[in-house]
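User: Please take a close look at a single part of this structure, a buried serine in a loop, and then set it in the context of the rest of the chain.

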Amino acid sequence: MLKPRPLLLGILLGGVLATGQAADIYVSPDGADSYSGQSGEPLASLAAAQQKARSYAGKEAVTVHLADGTYYLSETLVFTPDDSGSSRYPVVYKAQNRGKAVLSGGLRLELQWRPYRDGIFQAETPAGLEIDQLFVDGSNQRMARYPNYDANKKTDAYQGYAADAFSRERAANWSEPAGGYIHAMHRSRWGGYHYQITGKDAEGEVRYEGGWQNNRQMGMHASQRMVENIFEELDAPGEWFHDADAGTLYYMPEASTDLSKAVVEVVRLRHLVEIYGDLKQPVASMTILDPGNEIAGLTLETPETAKPVRWIQFKGIRFAGARRTFMDTREPLLQSDWAIYRGGAVHLRGTEHILIEDCDFVELGGNAVFVDAYNRNAVIRGNLFKDNGASDVNFVGSFAAVRSPRFGYLTMPHPLESVDREIGPKTEEYPADCLVEDNLMTRCGRVEKQSSGVNISMSSRITVRHNTIFDTPRAAINICDGTWGGHLIEWNDCFETVLETHDHGAFNSWGRDRYWHRAGPSGPKDKDDDGKPLISYWIEEAPYAPFWDAYQTTTLRHNRMQCDHGWDIDLDDGSTNYEIYNNLCLSGGLKTREGYKRIVRNNIVLREGYTCNVPYPKPTQDVFESNIMWGGGYSASKPRLWGGARNRNFMHNPSSEGAEPWVAGQAKTGDDADSLYGNAGFMDPSAGDFTVADDSPTLLVGFKNFPMEGFGVVSERLKALAEEPPLLLPIYVEPNTVTKVKHAKVLGAQFKALDTEAELTATGMDSLRGVLLLAVPKFSPMANYGFESDDVVLEVDGANVDSKSFIKVMNGLNPGHHRASVWRGQQLHRFEFETGK
């Protein structure tokens, strides 16, 4: 009896060939869901392929092959535990040719265009159609806007802004502005706000609602504003306006566009793919109860995973056509500056071992990938992210996992006696042990300016490795809080960051966790009735409090960082338990604001030096040593108050010969006795090689060379697309001389002009203006009037003040009643006071 050939051992199940080891299902836009799904009879939809794949999921390795073409989704493709594979038999959705299979949440329109006027064309649209984005021949067009978009204004908010964007005079020309949008930067340029126009009042003023997209509620910027979706502003090629009530689309094409042949697509879906584990029922929720909080009363769902989705992979697919979600960005991420829309084009919630590899995420309206609540071992590798509306990759846990959570910057700490003192998370509902590797991320935040290439909040042990992230409005990599640390940030190339915003970092973090109390340039601001800093009381009573949430060390190493309007590495409010070494900081310097145990060693810091402008009381366990600086040195309003250890650093001056004690640094800090000033002996700094020679005096302070290449993406496809960071070597070098600064005094208080970036970020001011009160002694006349140390005095009796006029203004006050406006505790404060008769 003859043995059958191996091929004939396979059994045909549901029309798909299964060999006992693997099943292959084929899909094509030219197929039909009535076909078998074999290579010669492909299915037409991924939904049909998903149903067939379930027959094999977990029992055989299943591969769904996607032929070239666009797969328009009428509804989101949802994967559940029924779709799970296994470690031996994963379920794979794979493009036959990388990037040629497009999964789209859009819809192709067949339109009959006719001229309207002034180069504008019009076409009828189907009844009930809503258009959020319009693509013509694959290119994203712009809603009619003012001011017009200018690609050359790369660092301008929205690539064009105007103070009169929605002024009454401007709006007088708008007949029906309801449905338009206002986009405005935060007053301190800490991200942005978005509003929907509801109409005009009787006086012609624009009415609107929104502004909940930023967790630091301080109002919109006075001039950095833009409006869109206003018919009367349709005046530039590439702009469009859709009159949904009349069913008419108006569009001004570029001169090169042939509308008779153009492919016109609109966007329908927010999410293209949802991978959702089963949830425990009923789904739990929590309500924010913090008194006085502007978001008090907001209810947040806190689902708990009962059964996860496992071992599904997506390879080589292009994801396109997801709606913008900026009006639904309102969920606060604890006390960070962020609010979030909990979703994305690909949304993971309750998963294990999901792989997204070699895919493209381009021109999506909101977040690209969102890893939400319980997720373990997700891998996002080798992908291109470009021109997305919000963040490229988010890892965000559930608030249910946070012990004693607080929301909003101004919310006071819970009383120590009532705080949950257990270490670490409360539940398992958070992302952990996930990897973001070898991704090219560029131009995120096209719509939402509080966005980043990678954002991490309420997560644990996330590795971000070998990514190239550039041209971002805010941070390249952002960590919102210390819950729960253990992250590894290495070999990333991050540059041209913080382009449209301010006071942030290429890498940025906050740590406003259970222990955190506000601080200012002079130290802690939150105090008890006797004036003692509350943080001192907390640390005395609970020394481990800073590590209740940040209980695992986060490591930054072997990164190349560059920031345009802030710091290359910015450890902002409360950031705790970091180890930072072997990083190359190209322009913005390195900052540690108040926090604990930041070990900063063996970094090269160009141009802006090191800033610690807001201290906590000693000891903080901070260390700054064996670093090379070139340009600026130590920057701080009162550097002697810093509670850590600075020593054995090196200030490079290419004009120097040899090395000598760094007396200027020592004079600023009061420590740093073994630091040196001189020529570091860089090998080839103009080419970006800051390796030091074998006889470099930097070796005397413990510096060790580290690699000057290997940053960023490693796959050949992405390396060919990646750009290189700009390299501008420092021109000014801080001299090694000691200059005593004598500050001006008035009515017992020391003051100076608010004139440095360190002071700007320390105080949280929106611009360099006003007078900074360095010290207001108790019982001094200024203290009796109500002024405090760290106040930025803006106005007295309605008149602006500066360092030149302040003495004259204060000494010239007539007896009687007066008014003052100061910036205190990062918010505007007005008060009245009486002078003697």
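Analyst:
**A buried serine and its surroundings**

S336 is buried, because its relative accessible area is 2%, and a residue counts as buried under 20%. The model in which S336 is seen is a predicted one. S336 belongs to the loop that runs between β31 (331-332) and β32 (339-340). Leaving out residues up to four places away in sequence, S336 touches N215, C480, W510 and R512. A further pairing concerns D513: S336 and D513 are 177 residues apart in sequence, yet their C-alpha atoms are 9.3 Å apart in space.

A second serine may be described in the same manner. S656 is found in the loop between β64 (650-652) and β65 (659-661). With a relative accessibility of 18%, S656 also counts as buried, because the limit for that class is 20%. Residues up to four places away in sequence aside, S656 is in contact with Y677, G678 and N679.

The nonpolar interior comes next. The largest nonpolar core holds 102 residues, and those touching the most other members are F314, F361, F395, F507 and I604. Helix α1 (residues 46-53) supplies the largest share of this core, with four residues. Another core, of 25 residues, lies apart from it and includes F166, W190, I197 and L760. Within α1, the residues L46, A48, A49, Q50 and A53 are buried. These buried residues of α1 pack against strands β3 (22-27), β4 (61-66), β5 (69-72), β6 (77-79), β7 (91-95) and β8 (101-104). As for F395, its contacts beyond four places in sequence include V371, I380, P431, C434 and V436. Among the other contacts of F395 are V454, N455, I456 and I462.

Open space is also present. The second largest pocket encloses about 770 Å³. Its lining consists of 30 residues, of which A178, G179, Q196, N229 and H242 are the closest to the centre. Strand β20 (residues 239-243) gives the largest share of that lining, four residues. By character, the lining residues of the second largest pocket comprise 13 nonpolar, seven polar and 10 charged.

A word on confidence completes the account. The chain has an average pLDDT of 93, and 96% of the residues score at least 70. Over residues 1-15, by contrast, pLDDT stays under 50, and the model has 14 contacts beyond four places in sequence for them. Where pLDDT is low, the predicted coordinates should not be read in detail.

Terms used:
Residues numbered from 1 in each chain as written. Predicted model: local features only at pLDDT ≥ 70, side-chain atom pairs only at ≥ 80, totals over all residues. Heavy atoms only, no water. 1 Å grid on protein atoms, 1.4 Å probe; cavity = no way out; pocket = protein on both sides within 12 Å on 5 of 7 lines; lining within 4 Å. Points joined across faces, edges and corners; volume = space filled by probe spheres on them. Helix = DSSP H or I, 4+ residues; strand = E, 2+ residues; numbered from the N terminus. Nonpolar A, V, L, I, M, F, W, Y, C, P; charged D, E, K, R; others polar. Buried < 20%, exposed > 50% of the residue type's maximum accessible area, 1.4 Å probe, protein only. Contact = heavy atoms within 4.5 Å. pLDDT = per-residue confidence, 0-100. Core = buried A, V, L, I, M, F, W, Y, C linked by side-chain atoms within 4.5 Å.
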